[in-house]
Amino acid sequence: MNRITVPAAVAETDEQRQQITTPRVSAEIQAVVAAIDAKRDVLLSEGAESEARGELTSAAFDVVRSSGALRICVPAKFGGYAANSLESTAVSRALGRGDGSVAWVFAIVNSGAWIMALMAMEAQEEVWATGPDTVVSVVLAPTCTVEKVD
């Protein structure tokens, strides 16, 4: 077996480059992902019933709520994590490892929280007055008309 030794100066440069290019997920979001992973068996066992009902079971949605996932895009001033899209995706992927439908529902309500966080402070205060685990769902309907042109 041939061994190749990399000079220390090159190794440090590679390590620095990796630190710059490696996506970061905060410790708070890693804890949410770990909480979801710890309850993956619940998501796996509830999937068939959720599918039969056409809605998530209470037990499946409780994994979302109890893990802190509903707080992902909630501003920090309201007790949320103010996460970025990479971190939101990490949470969605963790949920999807247990049940893709749960991940889809999370993505919908998480995007609602993200949109809410862009609204006027008065609206945010009203929505999150009772805490950061409020479920927010929005519908964006186009209100314009288009005209075909050549």
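In helix α3 (residues 40-53), Glu-49 and Arg-53 sit four residues apart, which puts about one helical turn between them. In this predicted model, the two side chains form a salt bridge, with the closest N and O atoms 2.9 Å apart. The general geometry fits: an α-helix has 3.6 residues a turn, so residues three or four places apart point the same way. Neither end of the pair is buried, because Glu-49 has a relative accessible area of 37% and counts as partly exposed. Arg-53 is partly exposed as well, at 45%.

The rest of α3 is worth a look too. Its 14 residues should span 20 Å at 1.5 Å a residue, and the end C-alpha atoms are indeed 20 Å apart, so expectation and model agree. That agreement comes along with a kink of about 40° in α3, centred on Glu-46. Glu-46 is also one of the buried residues of the helix, together with Leu-43, Gly-47 and Ser-50. The cover over these buried positions includes α2 (27-38), α4, α5 and α6 (100-116).

Right after α3 comes Gly-54, with a positive phi near 80°. Gly-54 belongs to the loop between α3 and α4, and it is exposed, with a relative accessible area of 68%. Along the chain, Gly-54 and Ser-101 are 47 residues apart, yet 9.9 Å is what separates their C-alpha atoms.

Back to the charged side chains: the salt-bridge count comes to four. At the start of α3, Arg-40 pairs with Asp-37, with 2.8 Å between the closest N and O atoms. Arg-40 is partly exposed at 27% relative accessibility, and Asp-37 is likewise partly exposed, at 30%. A further bridge joins the side chains of Asp-133 and Arg-71, at 2.9 Å from N to O. Asp-133 lies in the segment after α7 (121-127), whereas Arg-71 is in the loop between α4 (58-67) and α5 (85-96), so this pair ties together parts 62 residues apart in sequence. Both ends are partly exposed: Asp-133 has a relative accessible area of 22%, and Arg-71 has 25%. There is also some sharing of partners, as Asp-37, Arg-40 and Arg-97 are joined by salt bridges into one network.

Sulfur contributes no cross-links here, since the disulfide count is zero. Two cysteines illustrate contrasting surroundings. Cys-73 counts as buried, at 8% relative accessibility, while Cys-144 is exposed, with a relative accessible area of 58%.

Aromatic pairing is also sparse, and a search of the whole structure turns up one pair. It involves Phe-78 and Trp-128, whose ring centres are 5.5 Å apart and whose planes meet at 35°, so the arrangement is classed as tilted. Phe-78 is in the loop between α4 and α5 and Trp-128 in the segment after α7, so the rings link parts of the chain that are 50 residues apart in sequence. Both Phe-78 and Trp-128 are buried.

Then there is α6, with 17 residues. From first to last C-alpha, α6 reaches 24 Å, close to the 24 Å expected at 1.5 Å a residue. Its buried residues are Val-102, Ala-103, Phe-106, Val-109, Asn-110, Gly-112, Ala-113, Ile-115 and Met-116. These pack against α3, α4, α5 and α7. The packing with α3 appears from the other side as well, given that α6 is among the elements covering the buried residues of α3.

Zooming out, the protein has seven helices and zero strands, so by the run-based assignment of helices and strands the elements read α-α-α-α-α-α-α from the N terminus on. Of the 150 residues, 31% are buried. As for contacts with a separation of 6 or more, 61% of them come from residues 24 or more positions apart. The Asp-133 and Arg-71 salt bridge, with its 62-residue separation, and the Phe-78 and Trp-128 ring pair, with its 50-residue separation, give concrete examples of parts brought together across the sequence.

Definitions and conventions
Residues are numbered from 1 along each chain as its sequence is written. This is a predicted model: local features need pLDDT of at least 70, side-chain atom pairs count only at pLDDT 80 or more; totals for chains, interfaces and linings use all residues. Side-chain values use heavy atoms; hydrogens and water are left out. Buried means under 20% relative accessible area, exposed over 50%, partly exposed in between (1.4 Å probe, protein chains only). Helices (H or I, at least four residues) and strands (E, at least two) are DSSP runs, numbered from the N terminus. A disulfide is a pair of cysteine sulfur atoms within 2.5 Å. The expected span of a helix is 1.5 Å times one less than its number of residues. The bend at a residue is the angle between axes fitted to the seven residues ending there and the seven starting there. Contact means heavy atoms within 4.5 Å. Rings of Phe, Tyr and Trp (its six-membered ring) pair if their centres lie within 6.5 Å; planes under 30 degrees apart count as stacked, over 60 as edge-to-face and the rest as tilted.
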